[in-house]
Amino acid sequence: MSVDDDARWMREALSIAREAALAGEVPVGAVVVAAGRRPDAVLARVGNRMIRDRDATAHAELLALRQAIRVLGSGRLEPCTLYVTLEPCAMCAGAMVLARMGRVVFGAWDDKAGMAGSVGDLLRHPRLNHRPEVQGGLLGEECGDLLQRFFAERRITTPI
């Protein structure tokens, strides 16, 4: 994929993240795009659903992986790229490795839980059997601003 394609899909993930925020979810959006067989084929387009689903595992990335696997009919996502607005956590990074995601592109870095270079780097761990290509920081400022605004508003409307 080209740099323009990457920016296009990250903007799509940002749009999904904004929709999640309107639903009261932490604004994280994810898009899975297939390469090769079906150029520009969107296999998944999902935002966080932890609150709505009352499920701590309902992160956008994990839901997107599940949806893409169903669409492809395969547990291996090697020909795919996952675009996500926030650096993946350990749970999501582990699922990406197990699903053999071909490429992961994320927006904002997560200094508290990120496992693609911030806290650790599960996606590129040398002892694991699969390591996707990883690009971090794409539209990172815009992705980070969305998260910061969301949490700032929550602090104002939710007294301690």
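## A tour from β1 to α4

Start by selecting β1 and β2: the two strands run antiparallel, with six bridges joining them. Keep in mind that what you have open is a predicted model. For one facing pair, pick Val 31 and look across to Arg 45 in β2, which stands opposite.

Stay on β2 and switch on a surface for everything else. Of its seven residues, five are buried, so the rest of the structure largely encloses this strand.

Next, select residues 60–72, which make up helix α3. Its 13 residues reach 18 Å from the first C-alpha to the last, close to the 18 Å you'd expect at 1.5 Å a residue. Now show side chains. Which residues of α3 are buried? Colour Ala 60, Glu 61, Leu 62, Leu 63, Ala 64, Leu 65, Ala 68 and Leu 72; note that Glu 61 is on that list along with the alanines and leucines.

What do those buried residues pack against? Bring up β1 (29–34), β2 (41–47), β3 (80–86) and α4 (90–98), and you have the partners. Then step just past the end of α3 and check the backbone at Gly 73, where phi is positive, about 75 degrees.

Last stop: α4. Select Cys 92, Ala 93, Ala 95, Met 96 and Val 97, which are buried. The buried residues of this helix pack against α3 again, plus β3 and β4 (103–108), so add β4 to your view. Finish just after α4 at Arg 100, another spot with a positive phi, this time about 55 degrees.

Note on methods
Residues numbered from 1 in each chain as written. Predicted model: local features only at pLDDT ≥ 70, side-chain atom pairs only at ≥ 80, totals over all residues. Heavy atoms only, no water. Helix = DSSP H or I, 4+ residues; strand = E, 2+ residues; numbered from the N terminus. Expected span 1.5 Å × (residues − 1). Buried < 20%, exposed > 50% of the residue type's maximum accessible area, 1.4 Å probe, protein only. Contact = heavy atoms within 4.5 Å. Pairing = 2+ DSSP bridges.
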